[in-house]
Amino acid sequence: MAKGREGRPPTLTERARRAQLIEVAIEQVAEHGYAGTSLSRIADGAGITKAAVLYHFSSKDAVILAAYDHVLAALVETVGAAVDAAEDAGKPAAYARAMIGHLRARPRHTRMLIEAVTGTAAEHAPEARWRPLAGLLDGAVRARGGAGIDARTTALAIGGAIDAIVAERLRDPAYDTAAAAEVLAAMIDTWITR
């Protein structure tokens, strides 16, 4: 949890201001990219001074990291709920549908994720993305009584497909990602039943 002045818990006003700055940072990064987002832009977007931003965050990277964490937490919550609601055999397809659906509904979050991964010094371990999906794939194969698969490679392929579908939607807002998610889900079901 963030701390207020002098290490005390933040006040309600401080928490609200931090939340506002995170939302403004997401908006600025989505519109201008990481390199084009400055503390001044974030301050202007929030209607406060740069010094006021620095009261809540120590640097531009600190604001961006908080925004990235916020976006990632929302994505994990949505995808986790969809996966938890599915039976073991359907969890990988639920993962793909939820991931694509969440990112389709939140294009600013999508841009924030892309920019945070490519534009900051924040560490992003690739296995943090493919390993949970690989576990879901292994569970789905067991639930269906199928033969073993290379879950890591399959998870990487699914992740790449999700990335490509989401990127195409960013490029072409008319692209039907819901239909694309269903095609990917059908492919996943075929892979885990072999």
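In this predicted model, the buried residues of helix α5 are K91, P92, A93, A94, Y95, A96, A98, M99, I100, G101, H102 and L103. Because 12 of its 15 residues are buried, α5 is largely enclosed by the rest of the structure. Helix α1, by contrast in its geometry, carries a kink of about 85 degrees centred on A30, and the nonpolar core to which α1 and α5 both contribute has 50 residues and is the largest in the structure.

**Helix geometry**

- The end C-alpha atoms of α5 lie 21 Å apart, which agrees with the 21 Å that its 15 residues should span at 1.5 Å a residue.
- Helix α1 spans only 30 Å between its end C-alpha atoms, whereas a straight helix of 25 residues would span 36 Å at 1.5 Å a residue.
- The residue on which the kink of α1 is centred, A30, is itself among the buried residues of that helix, which also include E14, R18, L21, I22, V24, A25, I26, Q28, V29, G33 and Y34.

**The largest nonpolar core**

- Within this core of 50 residues, those with the most contacts are V53, Y95, M112, L137, I162 and L184.
- Two or more residues come from each of α1 (12-36), α2 (39-46), α4 (60-85), α5 (91-105), α6 (107-119), α7 (127-144), α8 (151-171) and α9 (177-192), and α4 gives the most, with 9 residues.
- Residues up to four places away in sequence being set aside, L184 touches A96, I100, I158, A161, I162 and I165; of these partners, A96 and I100 are listed among the buried residues of α5.

**Residues in α6 and α8**

- T110, which is found in helix α6, counts as buried because its relative accessibility is 3%, below the 20% cut-off.
- Apart from neighbours within four places in sequence, T110 is in contact with L103, V166 and L170, and L103 is one of the buried residues of α5.
- A167, which is found in helix α8, has a relative accessibility of 41% and therefore counts as partly exposed.
- Although A167 and P107 are 60 residues apart in sequence, their C-alpha atoms are 9.9 Å apart in space.

**Aromatic rings**

- The structure holds 0 aromatic pairs.
- The ring of Y34 nevertheless has the charged end of K60 sitting over it, at 3.9 Å from the ring centre, and Y34 is one of the buried residues of α1.

Terms used: Residues numbered from 1 in each chain as written. Predicted model: local features only at pLDDT ≥ 70, side-chain atom pairs only at ≥ 80, totals over all residues. Heavy atoms only, no water. Core = buried A, V, L, I, M, F, W, Y, C linked by side-chain atoms within 4.5 Å. Buried < 20%, exposed > 50% of the residue type's maximum accessible area, 1.4 Å probe, protein only. Helix = DSSP H or I, 4+ residues; strand = E, 2+ residues; numbered from the N terminus. Contact = heavy atoms within 4.5 Å. Phe/Tyr/Trp six-rings, centres within 6.5 Å; stacked < 30°, edge-to-face > 60°. Lys NZ or Arg CZ within 6 Å of the ring centre and 35° of its normal. Expected span 1.5 Å × (residues − 1). Bend = angle between axes of the 7 residues up to and from the residue.
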